[in-house]
Amino acid sequence: MNPRALIAEDEPLLAASLKAALSVAWPELEIVAVAPNGLEALRLVEAERPEVAFLDIRMPGLSGLEVAA
């Protein structure tokens, strides 16, 4: 089973760039969700249960640090 990840980034171009870079650097990684803010990231972490989360530190709603906690 491939590892699953979530990207939380409020800048759509940065989220897309990270997703593209990860597909090259870690082809086995499955991106299961991309969240545009901290509240959505928390909801998606609970729903999708990814093994890895790439969290922007400064996002609307909750920060990446608050989501990680």
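1. Glu9 deserves the opening remark. In this predicted model, Glu9 is buried yet has no salt bridge. The nearest side chain of opposite charge belongs to Arg58, and that is 11 Å away. A salt bridge would need a side-chain nitrogen within 4 Å of a carboxyl oxygen, so Arg58 does not qualify.

2. What does the side chain of Glu9 lie beside? A polar atom of that side chain is 3.0 Å from the backbone nitrogen of Glu11. Glu9 itself sits in the loop between S1 and H1. Leaving aside neighbours within four places in sequence, Glu9 is in contact with Leu14, Ala15, Ala35, Pro36, Asp56 and Met59.

3. Next, strand S1. S1 spans residues 4-8. 5 of its 5 residues are buried, so the strand is largely enclosed by the rest of the structure. Arg4, Leu6 and Ala8 point one way from S1. Ala5 and Ile7 point the other way. Both sets are buried. Note that Arg4 is among the buried residues.

4. S1 pairs with S2, residues 30-35. The two strands run parallel and are joined by 5 bridges. The chain gets from S1 to S2 through helix H1, residues 12-25, and this β-α-β crossover is right-handed. Two of the S1 residues can be placed against S2. Arg4 has Glu30 as its bridge partner. Ala8 has Ala35 as its bridge partner. Ala35 also appears in the contact list of Glu9.

5. S1 also pairs with S3, residues 52-55. These strands run parallel too, with 4 bridges between them. Leu6 of S1 has Ala53 of S3 as its bridge partner.

6. Is Ala53 buried, partly exposed or exposed? Ala53 lies in strand S3. Its relative accessible area is 38%, so it falls between the 20% and 50% cut-offs and counts as partly exposed. Its bridge partner Leu6, by contrast, is buried. Ala53 and Ala41 are 12 residues apart in sequence. Their C-alpha atoms are 9.1 Å apart in space.

7. Last, a backbone point for checking by eye. Arg49 has a positive phi of about 50 degrees, although it is not a glycine. Arg49 is found in the loop between helix H2 (38-48) and strand S3 (52-55). Is Arg49 buried or exposed? The relative accessible area of Arg49 is 58%, which is over the 50% cut-off, so this residue is exposed.

Key: Residues are numbered from 1 along each chain as its sequence is written. This is a predicted model: local features need pLDDT of at least 70, side-chain atom pairs count only at pLDDT 80 or more; totals for chains, interfaces and linings use all residues. Side-chain values use heavy atoms; hydrogens and water are left out. Two strands pair if DSSP finds at least two bridges between them. A crossover is right-handed if, with the strands pointing away from the viewer, the path from the first strand over the helix to the second runs clockwise. Buried means under 20% relative accessible area, exposed over 50%, partly exposed in between (1.4 Å probe, protein chains only). Lys and Arg count as positive and Asp and Glu as negative; His and the chain ends are not counted. A polar contact is a pair of N or O atoms within 3.5 Å; within protein, one must be able to donate a hydrogen and the other to accept it, and residues adjacent in sequence count only if both atoms are side-chain atoms. Contact means heavy atoms within 4.5 Å.
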